[in-house]
Amino acid sequence: PVKITTRAVPAPLGVKASSVKTTSVTLSWSPVTGAQDYRVVVTPKAGRVLQPIGGPATWERKIVGLEAGQDYEFAVVAIQDKEESLPSKTLKVTTAPAENVETKVQKKEDVVVTKEEAKPVTGMDLGKKGNLAFILFGCRKAAMMSRLEWSILNKKS
């Protein structure tokens, strides 16, 4: 005798992504007749699947807590009486890139911190009027100069 095992419900069809953001994706699919709930499989394992407002049988899920600009694969499984269907076809999604992305330091050993002592600006550092551009853009403490010092500098030739 041959024993044939069937699944309680078929695999969900038509899985698609909408509202793809930097750290979240909303998935939807065609409803499966008889399904009481759905489970979203995320690869690599990441994020958190939010339960929909319409209840577990609703055929849409928002996945949050993902990384910006990362590739993910999603599949959906239908559930009926604690039995699961086969997974849907895999949907590949890349989350939106973060705006103003800064380079990430992978190891703390890669960070070099240096400290420079700022020296105050004196009359001798100012030089002639022709050096004013250098003073304005090259000196960190130029803001410490008073208006009187600036006016004296601008009157010298």
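Contact here means heavy atoms within 4.5 Å. The structure described is a predicted model.

The model contains an open sheet of 4 strands. Their order is 1-2-5-4, and the pairing is antiparallel. Strand 1 (16-18) and strand 4 (48-50) form the edges, each pairing on one side only. Neighbouring strands of this sheet are turned against each other by 35° on average, direction ignored. Strands of a sheet pair through backbone hydrogen bonds, either parallel or antiparallel.

At one edge, strand 1 runs antiparallel to strand 2 (residues 24-28). The two are joined by 3 bridges. Serine 18 has threonine 26 of strand 2 as its bridge partner.

Arginine 61 lies in strand 5 (residues 60-64). Its relative accessible area is 2%. The cut-off for a buried residue is under 20%, so arginine 61 counts as buried. The side chain of arginine 61 makes polar contacts with backbone oxygens. One is the backbone oxygen of proline 56, reached at 2.6 Å. Another is the backbone oxygen of threonine 58, reached at 2.5 Å.

Residues up to four places away in sequence are left out of the contact list of arginine 61. Among the residues that arginine 61 touches are Val25, Thr26, Leu27 and Trp29. The list also includes Asp37, Tyr38 and Val40. Val49, Leu50, Gln51 and Pro52 are touched as well, as is Pro56. Thr26 thus appears twice in this description: as the bridge partner of serine 18 and as a contact of arginine 61. Proline 56 likewise is touched by arginine 61 and offers its backbone oxygen to the arginine 61 side chain.

Key
Residues numbered from 1 in each chain as written. Predicted model: local features only at pLDDT ≥ 70, side-chain atom pairs only at ≥ 80, totals over all residues. Heavy atoms only, no water. Pairing = 2+ DSSP bridges. Axes fitted to C-alpha atoms, helices over the stretch in contact; angles between N-to-C directions. Buried < 20%, exposed > 50% of the residue type's maximum accessible area, 1.4 Å probe, protein only. Polar contact = N/O pair within 3.5 Å; in protein donor to acceptor, adjacent residues only side chain to side chain.
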